[in-house]
Amino acid sequence: MVTFLAGGTGTPKLLEGATRVWDPDEIAVVANTGDDVELGGHLVCPDVDTVLFAGGGVLDRETWWGIADDTTATHEELRRLAEAVGRGTVPRYLDDEAQTAGREIARWRRFSGVGEFMEIGDRDRAVHVTRTSLLDEGHTLTEAVRTLADAFDLDVDLLPMSDDPVATLIHTESGETIHFQEYWVARRGEPAVADVEFRGADDSEPTPAVEDALTEPVVVGPSNPVTSVGPMLALPGVEAALASTPVVAVSPFVGDEVFSGPAADLMDGVGKEPSTAGVADAYPFADAFVLDDDDPTELPGRHVERTDTRIDDADDAERVARACERALGAVEAVADPEEIR
């Protein structure tokens, strides 16, 4: 069995090739839930759902968000209504009292649906309604995701990182504290980042299913080290678990050039070098790395596999997944993983 840590688009892309290299029944995917939001009363889990929709064959692969060919009638009407009465369509983050009332899983990530700043498709919304209703019926987030995975006939074992609330909040240089989705979706990553907080992480736990998955060899996909992988690492016991099992990480950089997304700005904002070297420093538990052929970074003491790490289709993903397989093989061939660090 092999376990993937997933967030953003990088790891879901890699999974398309991973299922050619490993038996899908032997793959667990631990998905980031730090950037989840409750929007208009419905729990939206972007990183969970990207894996869900990709594995279910319905993902919009132009945006790597939502369901392909979905309609947006409800979203458009919500925005029309708000504009008609002068409410606008900016993010409407609820006040502190509302953040801690009601459904605990939504703490510190609760937005009004007035004006709906994130575009939610109509079929996509049905997933959020179903998940939220399962939570209201008393199911855990893990159980709700398992039900949805069955509905989409998912082959891999998809696991949210925790059944507890963890909110990724961005502290800007201007003194604001905003949720990651406001930073990235509404403001397009423009505010200068002073720090990133994973609120609630200290009081949260990885689920028993995640703890079991982390006893297996782990692949950290080419996702954002700060806001995709960071919330998982902030959970008590996760870094210790990763230090005790073979781990290979795929860099989302080629030297100091990031493939996509806000990883460079976020790493710089939290005081980490925005580069492959910075990723290696952020992942001290990683025994091996998969780097691009053109990446000049040297990682003494770590096993390195090189390949073309750009992933544009399933064949690209398989190439990178096979490099991960080789790297894990090299790590597992060493009796004590500490010896190769």
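**Salt bridges, a helix face and ring pairs**

Biologist: Glutamate 176 is partly exposed, with a relative accessible area of 31%. With which residue does glutamate 176 form a salt bridge?

Modeller: This is a predicted model, so take the distances as computed ones. The closest N and O atoms of the pair are 2.8 Å apart, inside the 4 Å cut-off. Glutamate 176 sits in the loop between β7 and β8 and its partner in the loop between α7 (180-186) and β9, so the bridge ties together parts 11 residues apart in sequence. The partner is arginine 187.

Biologist: Is arginine 187 buried, exposed or partly exposed?

Modeller: Its relative accessible area is 26%. Buried needs under 20% and exposed over 50%. That makes arginine 187 partly exposed.

Biologist: How far apart in the chain are arginine 103 and aspartate 136?

Modeller: These two form a salt bridge, with the closest N and O atoms 2.9 Å apart. Arginine 103 is in the loop between α4 (96-99) and β5 (110-111), while aspartate 136 belongs to helix α5 (residues 122-136). The pair links distant parts of the chain, and the separation is 33 residues.

Biologist: Which residues share partners in one network of salt bridges?

Modeller: Start with a neighbouring case: aspartate 308 and arginine 319 form a salt bridge at 3.8 Å between the closest N and O atoms. Aspartate 308 is in the loop between β15 (303-307) and α13 (314-332), and arginine 319 is in helix α13 itself. As for the network, salt bridges with shared partners join Arg20, Asp315, Glu318, Arg322 and Glu325.

Biologist: Moving to the sheet, which strands are at the edge?

Modeller: The open sheet holds 3 strands in the order β8-β7-β9, with antiparallel pairing. An edge strand pairs on one side only, and that description fits β8 (177-179) and β9 (193-199).

Biologist: And in β9, what is the bridge partner of threonine 168?

Modeller: Strand β7 (residues 167-172) and β9 pair in the antiparallel sense over 6 bridges. Within that pairing, threonine 168 is matched in β9 by phenylalanine 198.

Biologist: How wide an arc do the buried residues of α6 cover around the axis?

Modeller: In helix α6 (residues 141-151), the buried residues are Leu141, Thr142, Ala144, Val145, Leu148 and Ala149. Their arc is narrow enough to put them on the same side of α6. On the other side, Asp150 and Ala151 are exposed. The arc is only 160 degrees.

Biologist: What do those buried residues of α6 pack against?

Modeller: Contact here means heavy atoms within 4.5 Å. By that rule, the buried residues of α6 pack against β4 (42-44), α2 (46-55), α5 and β6 (157-160).

Biologist: How many aromatic pairs does a search of the whole structure find?

Modeller: One pair is phenylalanine 53 with phenylalanine 152: ring centres 5.5 Å apart and planes at 55 degrees, so it's tilted. Phenylalanine 53 lies in helix α2 and phenylalanine 152 in the loop between α6 and β6, so parts 99 residues apart in sequence are tied together. Separately, ring pairs link Tyr93, Phe111 and Phe117 into a cluster. The total for the search is 6.

Biologist: At what relative accessible area is phenylalanine 53 buried?

Modeller: Anything under 20% counts as buried. Phenylalanine 53 meets that with 1%.

Key. Residues numbered from 1 in each chain as written. Predicted model: local features only at pLDDT ≥ 70, side-chain atom pairs only at ≥ 80, totals over all residues. Heavy atoms only, no water. Pairing = 2+ DSSP bridges. Helix = DSSP H or I, 4+ residues; strand = E, 2+ residues; numbered from the N terminus. Salt bridge = Lys/Arg side-chain N within 4 Å of Asp/Glu carboxyl O. Buried < 20%, exposed > 50% of the residue type's maximum accessible area, 1.4 Å probe, protein only. Arc of directions from axis to C-beta. Phe/Tyr/Trp six-rings, centres within 6.5 Å; stacked < 30°, edge-to-face > 60°.
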